[in-house]
Every structure is written in C-alpha cells, then in structure tokens.
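Visitor: I would like a close look at one part of this structure, going outward from a single residue to what lies around it. Please take me through it step by step.

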Amino acid sequence: MALRRHVKNLVKNYSEAEVKVREATSNDPWGPSSSLMLEISDLTYNTSSLSEIMNMIWHRMNDHGKNWRHVYKSLTLLDYLIKNGSKKVIQHCQEGFFNIQILKDFHHLDEAGKDQGKIKNTWIY
C-alpha cells in the first residue's frame with residue numbers, strides 16, 4: 001500500500017505538505033504519528049503550505065465508505081493543528097466550517113458491523 005501511495009504522490013505531483021497530510025490521513029489501521037503531525041503543524045506557518053494542507057484535509061474529509069479512516073484521521077490531524085499550528089488554521093476552519101458540520105451525519109458500517117461514524121458524547125454545531 002505504501003508503494004501505491006508513493007506512486008500516486010509522484011503521478012499527481014503532490015507537494016511535500018500534501019504528501020505529509022496524505023500519509024497522516026491514510027487508510028492504515030493506526031493513527032498519525034505525533035512526529036508527523038508536528039512536521040505538518042510546522043508547515044502551517046508557511047502560507048502556501050497552509051493552503052495545501054487545509055485543501056488536502058477538506059478533500060480527505062469528503063471521503064466515505066471504505067475510506068472512513070481518511071475522515072477520522074483528518075479530524076484528528078485538524079484537532080492537533082488547531083492546538084499546535086499557526087493561528088491561521090483556526091481562520092481556515094471558520095471559513096470551511098461547513099466541511100466539518102456535514103460530518104454530523106457521517107455513518108459507515110465496517111466489516112464487523114460497527115458504525116465508524118457514530119459520535120459519542122461529542123457535539124458538532
């Protein structure tokens with residue numbers, strides 16, 4: 001899977017920032033590493049990189065079905081960036097709030113029948 005992701009990154013000519021976001025929000029069954037999230041948060045202080053990062057996060061949040069981990073990990077990464085990245089991340093979140101708000105209706109049943117979109121004790125306004 002990593003080779004396939006690497007080839008797609010090359011073919012699509014993704015930037016360093018976009019590649020890092022794709023890696024952090026992959027379908028791998030583990031979460032993004034704190035070191036990778038730190039690298040991405042450092043990149044948010046560059047205006048061009050910030051735009052690429054946020055565009056890729058919004059793109060990954062729109063995935064569905066078998067790519068439910070893209071959505072989950074995008075939210076994990078976004079939470080980290082809000083707390084540790086440039087203050088401009090918050091501005092991007094305010095401007096793109098609809099990307100977050102539409103997730104309140106997100107549902108996906110995995111192979112075991114568990115709803116991976118179900119939100120427990122969390123409210124999205």
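Guide: Val21 is found in helix α2, in a model that is predicted. Its relative accessible area is 0%, and buried means under 20%, so Val21 counts as buried. Leaving out residues up to four places away in sequence, Val21 touches Ile40, Ile53, Met56, Ile57 and Leu77. There is also a spacing to check by eye: the C-alpha atoms of Val21 and Asn55 are separated by 9.9 Å, and these two residues are 34 residues apart along the chain.

Next, the helix around Val21. The buried residues of α2 are Ala17, Glu18, Lys20, Val21, Arg22 and Ala24, a list that includes Glu18, Lys20 and Arg22 as well as Val21. What covers these buried residues includes α1 (2–11), α3, α4 and α5.

Ile57, one of the residues that Val21 touches, leads on to the core. In general, nonpolar side chains in soluble globular proteins tend to be buried together. Here the largest nonpolar core has 21 residues, and those with the most contacts inside this core are Ile57 and Leu78. The elements that give two or more residues to the core are α2 (16–24), α3 (34–43), α4 (47–61), α5 and α6. Of these, α4 gives the most, with 7 residues.

Leu78 can be followed in the same way as Val21. Setting aside its neighbours within four places in sequence, Leu78 is in contact with Met54, Ile57, Trp58, Met61, Val89, Cys93 and Ile100. Ile57 is thus on the contact list of Leu78 and is also touched by Val21.

After the core, look at the loop between α5 (68–84) and α6 (88–95), where Ser86 is found. Ser86 has a relative accessible area of 7%; the limit for buried is under 20%, so Ser86 is buried too. A polar atom of the side chain of Ser86 lies 3.0 Å from the backbone nitrogen of Lys88. Apart from neighbours within four places in sequence, Ser86 is in contact with Ser41, Thr44 and Tyr45.

Last comes a pocket. The second largest pocket has a volume of about 400 Å³. It is lined by 14 residues, and the closest to its centre are Arg4, Lys8, Asn27, Arg60 and His70. The elements that give two or more residues to this lining are α1 and α4, with α1 giving the most, 3 residues. By type, the lining divides into 2 nonpolar, 5 polar and 7 charged residues.

Definitions and conventions. Residues numbered from 1 in each chain as written. Predicted model: local features only at pLDDT ≥ 70, side-chain atom pairs only at ≥ 80, totals over all residues. Heavy atoms only, no water. Helix = DSSP H or I, 4+ residues; strand = E, 2+ residues; numbered from the N terminus. Buried < 20%, exposed > 50% of the residue type's maximum accessible area, 1.4 Å probe, protein only. Polar contact = N/O pair within 3.5 Å; in protein donor to acceptor, adjacent residues only side chain to side chain. Contact = heavy atoms within 4.5 Å. Core = buried A, V, L, I, M, F, W, Y, C linked by side-chain atoms within 4.5 Å. 1 Å grid on protein atoms, 1.4 Å probe; cavity = no way out; pocket = protein on both sides within 12 Å on 5 of 7 lines; lining within 4 Å. Points joined across faces, edges and corners; volume = space filled by probe spheres on them. Nonpolar A, V, L, I, M, F, W, Y, C, P; charged D, E, K, R; others polar.
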